[in-house]
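Subject: Structure handover

Hi,

Here is the structure I promised to pass on. Please load it before you read the notes underneath.

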Amino acid sequence: MLPRWLWVPATVGAAFVLLPLVALVARVDWASFPELVTSPAAQDALWLSLRTSSLSTLLCVLLGTPLAMVLARTTFPGQGVLRSLVLLPLVLPPVVGGIALLYTFGRHGLLGHELDVLGIQVAFSTTAVVMAQTFVAMPFLVVSLEGALRTAGQRYDVVAASLGAGPTTVFRRVTLPLVLPGLVSGAVLAFARSLGEFGATITFAGSLQGVTRTLPLEIYQLRETDVDAAVALSLVLVIVAVLVIGFARQGRSAL
C-alpha cells in the first residue's frame, strides 16, 4: 500500500510531462495539418528518420548485446573503466559526440584519411546519420540488457553447461530467451533515442534534404521559417514515439 503523500509529487511529475504535450496539441493548426505533414520535405525527413533509426537499432543490438554480456558475465582489469566509457554518451552532450565522430571518421580525422584514400567518405552522408544515432543510443540497450542479465543470474546457464551444452548453445538457447524482455526494452529505447537524435547528427552528418536531414533537423529548421509546420511535425514525432513504445510494451507483455 502506497503512502498517500506520494500522490502529490507523482501528480506534479505527471503534469510536468503531460502539460507540454497538451500545449503542443493545442498549438497545432488542425485545418492545415495534413498539408503540413505531407510536404515533400516532411516526408523525406520522416522516412529518413525511420530508416536510419531502424538501422542504428539493429547495430545497437548486434554490437550492444555482446558488450552487455561481457560487462555482466565476466571480470577483468579495467572493467569499471570500460563500463563508464561505454555509458558516457548517456551524459555527454550529443554535439560533443558528433565532434568526436567527425574527428574520427571525417576526411581529416583519425581514420578518415585512410577511408578517403579508399574512396569511402563517411561524414555528411546517410551512413554518418546511422553512426551518430548508434553512438548515442547504444548505451540505452547496454544498460537495459546488462540489468536483465544480472537479474537473471547464471544458474540456468550453469545447469545447461553441466548437461553438455557449449557456450554458444547456452547463449542462444538459454541466456537470450531469459533476457529477451530486457533486450526488447533496450532495443525500443535505442530506437526512440535514435529517432529523436539531433546534436550528434547535425555535427557529424550535416543537414542535407533527403540525405541527412532527419525529422528533428527538419523541425529545427522550420522553427524559424514556418512555426505551424514545425509544431505539426513535432506532433508526428511524438505520435511515432508513443506508438513504438506502446507496441513494445504489448510485445514485452506477450513474452
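**Cavity and helix packing**

The count comes to 1 cavity of 30 Å³ or more. Keep in mind that this is a predicted model. The largest cavity holds about 40 Å³ of space.

Its lining consists of Phe105, Gly106, Arg107, Gly112, Asp116, Ile120, Gln121, Val122 and Ala123. By class, the lining of the largest cavity has 4 nonpolar, 3 polar and 2 charged residues.

Next, the helices. H5 covers residues 94–105 and H7 covers residues 126–152. Their axes lie 10 Å apart, at an angle of about 130°. Angles from 115 to 145 degrees fall outside the roughly perpendicular and roughly antiparallel ranges, so H5 and H7 are oblique to each other. The crossing of H5 past H7 is right-handed.

Which residues meet between H5 and H7? From H5 come Gly97, Leu101 and Phe105. From H7 come Met131, Ala132 and Phe135. That contact has 5 nonpolar residues, 1 polar and no charged ones. Phe105 also appears in the lining of the largest cavity.

H7 packs with H3 too, which spans residues 40–73. Here the axes are 6 Å apart and the angle is about 40°. Roughly parallel would need an angle under 35 degrees, so H3 is oblique to H7. H3 passes H7 in a right-handed crossing. The contact of H3 with H7 divides into 19 nonpolar, 8 polar and 3 charged residues.

Best wishes

How values were computed:
Residues are numbered from 1 along each chain as its sequence is written. This is a predicted model: local features need pLDDT of at least 70, side-chain atom pairs count only at pLDDT 80 or more; totals for chains, interfaces and linings use all residues. Side-chain values use heavy atoms; hydrogens and water are left out. On a 1 Å grid over the protein atoms alone, a cavity is a set of points where a 1.4 Å probe fits but cannot get out, and a pocket is an open set with protein on both sides within 12 Å along at least five of seven lines; lining residues have an atom within 4 Å of a point. Grid points are joined across faces, edges and corners, and a volume is the space filled by probe spheres set on the points. Ala, Val, Leu, Ile, Met, Phe, Trp, Tyr, Cys and Pro count as nonpolar, Asp, Glu, Lys and Arg as charged, and the others, Gly among them, as polar. Axes are lines fitted to C-alpha atoms, for helices over the stretch in contact, and angles run from 0 to 180 degrees between N-to-C directions. Helices (H or I, at least four residues) and strands (E, at least two) are DSSP runs, numbered from the N terminus. Angles under 35 degrees count as roughly parallel, over 145 as roughly antiparallel, 65 to 115 as roughly perpendicular and the rest as oblique. A crossing is left-handed if the near helix is turned anticlockwise from the far one by less than a right angle, and right-handed if clockwise. Contact means heavy atoms within 4.5 Å.
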